[in-house]
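Subject: Structure handover and notes

Dear colleague,

Here is the structure I promised to pass on, with the sequence alongside. Please open it before reading further, since the notes below are meant to be followed on the model.

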Amino acid sequence: MATATITAGAAPAPAMPAVPTTISTRRLIAFLAMVFGMFMAILDIQIVSASLAEIQAGLSASSDEIPWVQTAYLIAEVVMIPLSGFLSRMLSTRVLFAGAAAGFTAASALAATATNIDQMIVYRAIQGFIGGGMIPSVFAAAFTIFPPSRRAMVSPMIGLVATLAPTIGPTVGGYISHAMSWHWLFLINVIPGILVTVTTWTLIDFDKPNLGLFSKFDWWGLAGMAAFLGCMEYVLEEGPNHDWLQEQAVFICAIIMVVGAALFFWRAFTAEEPIVDLRAFTNVNFAFGSLFSFVIGIGLYGLTYLYPVFLGRIRGYDSLMIGEALFVSGLAMFVTAPISGILSSKMDLRIMMMIGLFGFAAGTWWMTHLTADWDFWELLIPQILRGSSMMLCMVPINNIALGTLPPDRLKNASGLFNLTRNLGGAVGLAVINTVLIDRSAFHYARLAEHVEWGSAAAQTKLQNMTFDFQQTPGLDATKAAISKLSGMVQQQASLLSFMDVFTMLTVLFATMAVFTLVIAKPAPPAGSGGGGH
């Protein structure tokens, strides 16, 4: 499919190097293997999140230790994603991707053998770091080896995988841990991982290595980036639950993050071969695409988190029941992916993005009417809106961000582009958690004012519940009634805090939908090989 060009009245950019007009079967199979590898790496985050309770029991871990199974993976992955561009240029796509697939597979097998929480955290960090190398390579390959006329097929495919994997993760994880054991959350990667490794090593021939870059490797830049992004991920992950900088570990990581950021940006602009080439942001297309990718990250990971928390906390669902209730979003993505590919070659990409963002806003606005009784059918329409809107946004965003970059810039830019989506998710989850905690406490205090001893309605309710509990022998009816009344107030406070979050997200997505109007009109699609800058 053709790509979109955002112009800003400047002189025309240099012509892109020639892009092939056809793609060989060998390269197509290699690309499909890469897509599947990316699917495994992204799925592995959410597939485990749904089954942390089972892993905690299996490893006899404490409630403070078990979140590190996720945090270690995310911190390691967020460092590798931008680094992968440099490694891909230095080693070649073939060596990086096949090596990442092999390492990810080996780390998955090791995670299944973990006998204590420390081993699990180390194996998960290795898994996240190595697996992170697979994700940006797929985006870069899609825009390197496919002619523009074929991108209407390719862009929805990688968009679907990048968004579907986190969405269906809780469902798949719930089924696996219920049907077998938590070990299979990791063992299930082994056979597909070996196949992906062998296929990509054998068939990838997109580029050649440039081993001369090794002598220019910016170790200080890498140290700064690791400190900056790793500590940022930790601060965003742990901050909401520990009153942010009041917690010593969060405070120390915040300081390291600032120092790391200063070192990273200094090296990015002064090193001969920076670890991450930030010049991609001078391309207006890429800058706008990355901004929208950041917002999509908030929607993708934020809603994938919010729905299960609501169903678990308010409805009391286990991971399997949550997965069954939420599969609709994945189904909506599947159905919408080919439609979005067709639409992206026939309509203005800005309009398509606007429809998707307004659809997002409509879904979150629907959720502002939440009650404690909402179940599958009440969540059906918001989930359909969420899934279909995600695909309507992802395809034009991918094309606007990466479609007009020259091939020599694509590898670095792809890492940055994927990083913005992950950072959007991390920032979004931190804000969502903070709002849920703070607003729940606020609403509880306000509601408690109306359930005091002076309230006639509260007294009547308490007396009725006390009478009901008196029918149960051996139970302190008064204490049981007060406890139940307190629980009801807490539940309503939680519901109101969820409504606040959905209202906040509605405003964000609606604002971004309007913001698409400030983007200059993209160039008209050229279905037969156009679309260069």
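Helices here are DSSP runs of H or I with at least four residues, and strands are runs of E with at least two, numbered from the N terminus. The model is a predicted one, so local features need pLDDT of at least 70 and side-chain atom pairs count only at pLDDT 80 or more, while totals for chains, interfaces and linings use all residues. Residues are numbered from 1 along each chain as its sequence is written, and side-chain values use heavy atoms, with hydrogens and water left out.

I would start with helix 3, which spans residues 68-91 and bends by about 45° at L83; the bend at a residue is the angle between axes fitted to the seven residues ending there and the seven starting there. Of the 24 residues in helix 3, 21 are buried, where buried means under 20% relative accessible area, exposed means over 50%, and partly exposed lies in between (1.4 Å probe, protein chains only). The residue that follows helix 3 is S92, and its phi is positive, near 95°.

The largest nonpolar core has 154 residues, among which F31 and L402 touch the most other members. Such a core is a set of buried Ala, Val, Leu, Ile, Met, Phe, Trp, Tyr and Cys residues joined through side-chain atoms within 4.5 Å. Helix 12 (residues 284-313) supplies the largest share of the 154-residue core, with 14 residues. If neighbours within four places in sequence are set aside, the contacts of F31 (heavy atoms within 4.5 Å) include V138, A141, F146 and M157.

Turning to charged pairs, the count comes to eleven salt bridges, each being a side-chain nitrogen of Lys or Arg within 4 Å of a carboxyl oxygen of Asp or Glu. One of them joins R27 and D205, at 3.1 Å from N to O. The two residues are 178 residues apart, with R27 in helix 1 (residues 25-49) and D205 in the loop between helix 9 (190-203) and helix 10 (219-238). R27 counts as partly exposed because its relative accessibility is 23%, and D205 is likewise partly exposed, at 34%.

A second salt bridge pairs D44 with R124, whose closest N and O atoms are 2.7 Å apart. D44 lies in helix 1 and R124 in helix 5 (residues 117-131), so this pair ties together parts that are 80 residues apart in sequence. Both D44 and R124 are buried.

A third pair is R439 with D500, at 2.8 Å between the closest N and O atoms. Since R439 belongs to helix 16 (residues 407-449) and D500 to helix 18 (residues 477-515), the pair ties together parts that are 61 residues apart in sequence. R439 is partly exposed, with a relative accessible area of 32%, and D500 is partly exposed at 23%.

Lastly, T336 sits in helix 13 (residues 319-344) and is buried, with a relative accessible area of 8%. Beyond its neighbours within four places in sequence, T336 is in contact with S388, M391 and L392.

With kind regards
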